[in-house]
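Here are a few short exercises to work through with the model open beside you. Try each task before reading its solution.

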Amino acid sequence: MNVLVTGGAGYIGSVVVEVLVERGYRVTVFDDLSQGHFAAVSPAATFHEGSLADRSAVDGLLASDRFDAVMHFASKSLVGESMSDPFLYFSQNVGYGIGLIESATKNGVKRFVLSSTANLFGEAERMPIDESERVAPGSPYGETKHVLERVLHWAEVCCGMRSACLRYFNAAGATTTLGEDHDPETHLIPIVLDVAAGRRANLKIFGNDYATADGTCVRDYIHVADLATAHVAALDAISDRSVRFNLGSGTGSSVLDVIRTVEEVTGRTVDCEFAPRRHGDPAVLIASSDAIRRELGWQPGRSDLRTIIEDAWAWRSRHPDGYGNQRPLDVVT
Ligand code: UFG
């Protein structure tokens, strides 16, 4: 199968590319390297540096080859940032995303996998959250993914394109070669690891007055390697139907649980202090992934919190500066 992966140089996209290549798929990565890293792209994939804002580049690429599927990871993805700059999220995630879907349908692509989010559910009514939960996005970011899910629904009805919308909870962890390297970093686990490693002075815990057992927010952390196998299973499954799945481990961990586990894994103390709540953070997000387990036989293998943190720590210890600033030297543009 010939697959175009947008955002294939990013944290989750690069791990999905790694698994696709291992399994013999032909992969082309399209990424503007604004958040991703050239060094994270599998050498077995063809790399095109470019932006989804450049519609003629997107159209040209999709017309230049016969792609069986598009997997779309390239997007802005920070809940807090979307609360302070909602229009950036609507113009980029929605605007560029619709352009990509339109171009894919016009060029005969029949499968589309969307990187969606648990933020679709905001403050959910039932926990764990399954696919029957009412969609009520918790932020402009979540709303942008909801819009793209609806566009894909109509792309199927009107143009016959099948899609998989994968709503992930909190992606974390690393493979032996690929890990998390954002600039700036806002995610909990890499920040706590940086404090443990002495690269940051301390951690601010955003809120200790939530209605949870220890007062801090609870999240469902899912290993990026398990996310990747779910993507490939979904890609294979959508030959004749579309799917929507929630993806998590089914277990909730509080901010304090994460800190304690990092201290156990690293043998170091994490200096932290309580700070005000962060705008847009729901108290608890835990996924029910029963549907994808049942329908596609997917099983997470590394998504217990300790394994996630051990893997993230191992990668970070081998890459103390992340991917560095390596730029493409000899790539197709
Ligand atoms: N947190 C802190 N201090 C920090 C960073 C985070 O206390 O310095 C807390 C947050 O308040 C939150 C938890 O740690 O309660 C996890 O925060 P992250 O920033 O790691 O992740 P989010 O839950 O905010 O968001 C992530 C992805 C989103 C996705 C969401 C879905 O970044 O794209 O999971 O659950 F929408």
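**Exercise 1. Decide whether Cys272 is buried, partly exposed or exposed, and find out why Cys272 has no bond to the closest cysteine sulfur.**

Solution. Keep in mind that this is a predicted model.
- Step 1: Start with accessibility. The relative accessible area of Cys272 is 32%, and partly exposed covers the range between 20% and 50%, so Cys272 is partly exposed.
- Step 2: Look for a partner. The closest cysteine sulfur belongs to Cys217, and it sits 15 Å from the sulfur of Cys272.
- Step 3: Compare with the cut-off. A disulfide needs two cysteine sulfur atoms within 2.5 Å, so 15 Å is too far for a bond.

**Exercise 2. Count the disulfides in the structure, then check Cys159.**

Solution.
- Step 1: The count comes to zero disulfides.
- Step 2: For Cys159, the nearest cysteine sulfur is that of Cys158, 5.6 Å away, and Cys159 is in no disulfide.
- Step 3: Cys159 has a relative accessible area of 41%, which makes this cysteine partly exposed.

**Exercise 3. Describe the shell around the ligand: which residues come nearest, and which elements supply the shell?**

Solution.
- Step 1: The ligand has 24 residues around it, and those that come nearest are Ser77, Thr117, Lys204, Arg278 and Asp281.
- Step 2: Sort the shell by type: 14 residues are nonpolar, six are polar and four are charged.
- Step 3: Turn to secondary structure. At least two shell residues come from each of α6 (188–196) and β8 (203–206). The biggest contribution is from β8, with four residues.

**Exercise 4. Find polar contacts of the ligand and work out how much of its area the protein buries.**

Solution.
- Step 1: Take the ligand oxygens. One oxygen atom lies 2.7 Å from a backbone N or O atom of Ser77. An N or O atom in the side chain of His187 is 2.8 Å from an oxygen atom of the ligand.
- Step 2: Take the nitrogen side. A polar backbone atom of Lys204 is 2.7 Å from a nitrogen atom of the ligand.
- Step 3: Add the area. The ligand exposes 690 Å² when taken alone, and the protein buries 93% of that.

**Exercise 5. Judge whether the protein is as compact as a globular protein of its length.**

Solution.
- Step 1: The protein has ten helices and 14 strands.
- Step 2: Its radius of gyration is 19 Å, close to the 20 Å from the globule rule for 333 residues, so the protein is as compact as a globular protein of that length.
- Step 3: Of the 333 residues, 54% are buried, and the C-alpha trace spans about 55 × 45 × 40 Å along its principal axes.

Key
Residues are numbered from 1 along each chain as its sequence is written. This is a predicted model: local features need pLDDT of at least 70, side-chain atom pairs count only at pLDDT 80 or more; totals for chains, interfaces and linings use all residues. Side-chain values use heavy atoms; hydrogens and water are left out. A residue is near a molecule or strand if one of its heavy atoms lies within 4 Å of it. A polar contact is a pair of N or O atoms within 3.5 Å; within protein, one must be able to donate a hydrogen and the other to accept it, and residues adjacent in sequence count only if both atoms are side-chain atoms. Accessible areas come from the Shrake-Rupley method with a 1.4 Å probe; for residues, only the protein chains shown count as cover. Ala, Val, Leu, Ile, Met, Phe, Trp, Tyr, Cys and Pro count as nonpolar, Asp, Glu, Lys and Arg as charged, and the others, Gly among them, as polar. Buried means under 20% relative accessible area, exposed over 50%, partly exposed in between (1.4 Å probe, protein chains only). The radius of gyration is taken over C-alpha atoms; the globule rule is 2.2 Å times the number of residues to the power 0.38.
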